[in-house]
Amino acid sequence: MSLFTSNFKQEAAALSFVALALLTCELGLRASIQRASIDVRHIQEIPRIVAGLANARHPTFLFLGNSLTRSGVIPEVLAGTPAAGGFGKAHVALIYPDDTTISDWLYLYERFVRSKGAAPDVLLIGFAKDHLSDSHALHVDRLGGYFGGLGALPEAFSHDVPDLNGRVSYLLSSLSCAYANRDRVRTQVFASLIPYYKASAQDLNKAIKAREHIPTGAASPRYKRLTRFLGRFKGTPTKVVFVAIPVPAVDPIDPSLESVLKENSSQLIDLRRLAGLTEGDYPDGYHLSPRGGAVFTRELSRRLLDSRDVRTLLSN
């Protein structure tokens with residue numbers, strides 16, 4: 001046996017071992033990630049939520065947002081509010097992956113809702129601060145792994161992922177659960193080994209995000225992704241409503257944002273300064289408590305009924 005043949009067999013065996021180890025890791029993570037992450041469980045429930053929306057009797061309402069929507073919108077309160085009238089007969093669905101913004105909602109809605117023919121009668125987007133602007137850094141791995149996938153690759157590469165490194169990351173994330181969730185896995189491992197790691201990491205992430213956002217006095221943020229998102233509703237019967245969710249620190253709404261919403265015939269419900277909320281309604285300093293969520297939901301139902309379109313939907 002020649003030295004070349006011997007080395008080739010050894011290298012082939014080593015590569016086979018590495019491939020097997022990676023495959024084992026991939027399959028193991030696919031089986032365990034749902035149990036490890038509440039957010040991943042919710043994301044994996046999105047097809048079922050959308051199927052229920054598509055098969056429900058009208059009127060249908062879909063709330064799309066992030067953890068602010070999860071803590072703020074309480075469907076049972078919405079249905080049980082006397083002022084809500086027909087909301088008890090409406091089908092209300094909620095989709096709220098953590099830490100998402102318009103950059104994610106644009107692709108999520110296209111992949112899971114619009115492409116399935118499940119457009120709701122009313123789409124409500126919950127947001128705060130600059131969640132609707134292009135100023136947030138794009139989470140390419142999450143976009144490729146969960147919200148866009150291979151089907152959205154042409155749009156992503158054309159508009160949002162222009163660089164080679166980002167494109168490689170997007171492609172690998174769309175193919176590999178392990179790659180797409182590497183940050184989650186690292187957090188879980190470090191949290192099990194290092195005391196207070198999660199709290200420290202969250203504080204660090206908040207500081208990084210604060211630096212990423214456009215500072216006061218800078219040029220107005222752009223809304224290209226929001227404009228693309230709203231373009232999907234032109235000529236459709238879906239009514240799009242944006243809901244400004246209360247958070248402790250209230251920033252002014254950018255006039256450019258209001259212009260974009262107006263130009264695209266979208267309604268804005270501003271509940272940032274909501275009477276009845278106290279400092280105690282923000283137990284973690286950001287999200288509403290159950291009591292705060294009930295106050296918010298009741299007022300939201302009242303404001304929705306100010307719309308003739310919504311009243312007409314609920315009366316049919």
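**Close-up views of a predicted model**

**View 1. Strand E4 and its neighbours.** Let us start with strand E4, which is joined by four bridges to strand E5 (residues 267–270), the two running parallel. Along this edge, Ala 244 stands opposite Asp 270 of E5. Please keep in mind that the model shown here, and in every view below, is a predicted one. E4 also pairs with strand E3 (residues 122–127), through six bridges and again in parallel. If you would like a landmark for that pairing, look for Leu 123, whose bridge partner in E4 is Val 240. Helix H13 (residues 255–263) joins the picture too: together with E4 and E5 it makes a right-handed β-α-β unit.

**View 2. The two faces of E4.** Here we stay with E4, which spans residues 239–244 and is mostly covered, six of its six residues being buried. In a regular strand, side chains alternate between the two faces of the sheet. In E4, Lys 239, Val 241 and Val 243 point one way. Val 240, Phe 242 and Ala 244 point the other way, and the residues of both sets are all buried.

**View 3. A tilted ring pair, Tyr 109 and Phe 233.** The structure holds six aromatic pairs, and this is one of them. The ring centres of Tyr 109 and Phe 233 lie 5.1 Å apart with the planes at 50°, so the pair is tilted. The two rings come from distant parts of the chain, 124 residues apart: Tyr 109 sits in helix H5 (residues 102–113), and Phe 233 in the loop between helix H12 (224–231) and E4. Tyr 109 is buried, with a relative accessible area of 2%. Phe 233 is buried as well, at 9%. It is worth finding Phe 229 in this view, since ring pairs link Tyr 109, Phe 229 and Phe 233 into a cluster.

**View 4. An edge-to-face ring pair, Phe 157 and Tyr 170.** For Phe 157 and Tyr 170, the ring centres are 5.8 Å apart and the planes meet at 70°, so this pair is edge-to-face. Phe 157 belongs to helix H7 (residues 153–160) and Tyr 170 to helix H8 (residues 164–175), and the two are 13 residues apart. With a relative accessible area of 19%, Phe 157 counts as buried because the limit for that class is under 20%. Tyr 170 is buried too, at 0% relative accessibility.

**View 5. The largest cavity and its lining.** The count comes to one cavity of 30 Å³ or more, and the space in the largest cavity is about 30 Å³. Its lining is made by Phe 63, Thr 69, Val 73, Ile 125, Gly 126, Val 243, Ile 245, Phe 296 and Leu 300. The elements giving two or more residues to this lining are E3 and helix H14 (290–304). By residue class, the lining divides into seven nonpolar, two polar and no charged residues. You have already met Val 243 of this lining in the second view, as a buried residue of E4.

**View 6. Asn 316 and His 58.** We finish at Asn 316, in the segment after helix H15 (308–315). Asn 316 counts as exposed, with 71% relative accessibility. Its C-alpha atom is 8.7 Å from that of His 58, although 258 residues separate the two along the chain.

Conventions
Residues numbered from 1 in each chain as written. Predicted model: local features only at pLDDT ≥ 70, side-chain atom pairs only at ≥ 80, totals over all residues. Heavy atoms only, no water. Buried < 20%, exposed > 50% of the residue type's maximum accessible area, 1.4 Å probe, protein only. Pairing = 2+ DSSP bridges. Right-handed = clockwise from strand over helix to strand, strands pointing away. Phe/Tyr/Trp six-rings, centres within 6.5 Å; stacked < 30°, edge-to-face > 60°. 1 Å grid on protein atoms, 1.4 Å probe; cavity = no way out; pocket = protein on both sides within 12 Å on 5 of 7 lines; lining within 4 Å. Points joined across faces, edges and corners; volume = space filled by probe spheres on them. Nonpolar A, V, L, I, M, F, W, Y, C, P; charged D, E, K, R; others polar.
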